[in-house]
Amino acid sequence: MKNYILLFCAASLIIGCSSKKAVEKKLHEPVAALFDASLKPFYHGVASGDPLQDRVILWTRVTPDDSVAEISVRWEIATDENFSSLVKSGSLKTNPARDYTVKVDVDGLQPNQYYYYRFHALGGTSPTGRTKTISADALDSLKLAIVSCSNWEFGYFNAYNIIADKEVDALVHLGDYIYEYATGKYGDTTIGRRHLPACEIISLQDYRTRYSQYHLDEGLRKAELRHPFITIWDDHEVANNVYISGAQNHQPEEGDFNQRKAAAKQAYYEWLPIREGNKHYRSFTFGDLAELIMLDERLEGRTMQADSVTAPDFESDTRSMLGTEQLQWFENSLKNSKTTWKVIGNQVLFSDLDITGMYKSGMPKNLDAWDGYPAEKKRLEQFILQNKINNIVFVSGDTHASWAIETMMDAGQGKTKKQQAIAVELGTTSISSGNGNEGNPDDSVKMKEQKLMKLNPHVKYVNNRDHGYLLLTLYPQRAKAEWFYVQTLRAVDNKETLGKRYTIDKDKHVLK
């Protein structure tokens, strides 16, 4: 959707700038300029993720002064910040093959419990992180911070900084955790934030360096310190508009795409607190209140995007967003879920969106979103309707805009045919990535928003001007969606405003 919503910068054709013969220490010297010496050797902080009822992933990165073959690391987890009530501890080793990252899957924990953790290595102790397991029992409420699209060059990650001070059960990241572009190709470098390495990232070392830089943002470090993350990748963790076998932003002169994809996936798993397995898609059950179903709409089963809605195979069922196995898993997850709310971690917009005459491309649909895969989308809509699955909430990223949508589908035939709501969709704006008013006056962007809503009466709210996050609070009888916006990206700042609030009653698909 970003190709339509914002003034899109063309992809760089620069070859990745790291070479196999480069000395590791020199590669990291530019990043080292961003280090906070007081955190040595844990410059990148700590993080936790993928919480379950009895376990959670703990993560850190140990940075030696020079390249070494191996580093011993000790970890501890307790129920108090002073570690007087130690629950578990252990030790392990890290090395250059893992880019000196550390990941521990700590089990034997209690449900719905806060824990504190830390690491020791090279004579230093990490900051103390806080995490939380998920509930096995009935819940009065569940609060999720929903984010996506954090671009270093567009500004400081102030939304992360603000979320760190909120009480939420988890932070859900819907993708574009990093961006692959070269310096100055997609961003605003006038504030002094320039991508490292300076070229478009292609090799494993390139991706590692970019993740290292992003983890040095103060806001991101603070959020990871305070809340467990549940993440999914979108396209820019590899390259723009990626699919199984290629990407819009990958050219033949940039080498073998599968090698690039493998490098991008390896760096992602090294640098994020995610449980590693054969499949990236997965789900999390919060008592009887909610199931969070995280979909992989990029690298699991997506076929190449269509060039046009008039393409001969546009409506063919051979064109897929999820792939056969994931699609079946998703349907089973929806049908078998015993929770009140089914929250879908969805990278690209699911709901129908008519953008006729809105953008220079002239395309009536965003073909990178679910609208570009109509056969599979229709199958899912029919499945939801036929199985009478209620209380589905799509939470979506990618567009750098906020959305509140009543998800409609055609039901019935002939004279009884009508539009019926089957879910709601809540889109989160970007942490920092450019949206409509980067280069355009606010008034003109507001006019486009109003025009889009007239074209699409089921769209109840759209904001393509502000940056921030979505706060989703679920209760047994209703859900509440709140969009918060930061005041600036150009300096570290923790001020925010509430932009909009909607509620959804249980068993209804109406935004109030």
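A search of the whole structure finds 36 salt bridges. A salt bridge is a side-chain nitrogen of Lys or Arg within 4 Å of a carboxyl oxygen of Asp or Glu. The structure is a predicted model: local features need pLDDT of at least 70, side-chain atom pairs count only at pLDDT 80 or more, and totals for chains, interfaces and linings use all residues. Residues are numbered from 1 along each chain as its sequence is written, and side-chain values use heavy atoms, with hydrogens and water left out.

Here are three of the salt bridges.

| Salt bridge | N to O distance | Apart in sequence |
|---|---|---|
| Glu276 and Lys103 | 2.8 Å | 173 residues |
| Arg490 and Asp188 | 2.7 Å | 302 residues |
| Asp235 and Arg298 | 3.8 Å | 63 residues |

Take the Glu276 and Lys103 salt bridge. Glu276 sits in the loop between H6 and strand E14 (282–286), and Lys103 in strand E5. Such names refer to DSSP runs, numbered from the N terminus: helices (H or I) have at least four residues and strands (E) at least two. Glu276 is partly exposed, with a relative accessible area of 40%. Lys103 is buried at 18%. Buried means under 20% relative accessible area, exposed over 50%, and partly exposed in between, with a 1.4 Å probe and protein chains only.

Arg490 and Asp188 also form a salt bridge. Arg490 is in the loop between E22 and strand E23 (496–505), while Asp188 is in the loop between strand E10 (170–173) and H4, so the pair ties together parts that are 302 residues apart in sequence. Arg490 is partly exposed at 47% relative accessibility. In the pair of Asp235 and Arg298, both residues are buried. A network of salt bridges also links Asp54, Arg55, Lys88, Asp105, Asp107 and Arg275.

Next come the rings. The whole structure holds 21 aromatic pairs. Rings of Phe, Tyr and Trp (its six-membered ring) pair if their centres lie within 6.5 Å; planes under 30 degrees apart count as stacked, over 60 as edge-to-face and the rest as tilted. Phe350 and Trp370 are edge-to-face, with 5.2 Å between centres and 65 degrees between planes. Why does this pair tie together parts that are 20 residues apart in sequence? Phe350 and Trp370 both lie in the loop between strand E16 (341–346) and helix H8 (374–386), so the pair joins parts at that separation. Phe350 is buried at 0% relative accessible area, and Trp370 is buried at 1%.

Tyr469 and Phe484 have ring centres 5.4 Å apart and planes at 15 degrees, so this pair is stacked. Tyr469 belongs to strand E21 (residues 468–474) and Phe484 to strand E22 (residues 478–486).

A charge can also sit over a ring: NZ of Lys or CZ of Arg is within 6 Å of the ring centre and within 35 degrees of the ring normal. The charged end of Lys377 does this over Phe350, 5.6 Å from the ring centre. The charged end of Arg118 sits over Phe83, 3.9 Å from the ring centre.

Last, helix H6. This helix (residues 257–271) has 15 residues and reaches 21 Å from first C-alpha to last, close to the 21 Å expected. The expected span is 1.5 Å times one less than the number of residues. Its buried residues include Phe257, Tyr268, Tyr269 and Trp271. Tyr268 and Tyr269 also join Tyr177, Tyr211 and Trp233 in one aromatic cluster.
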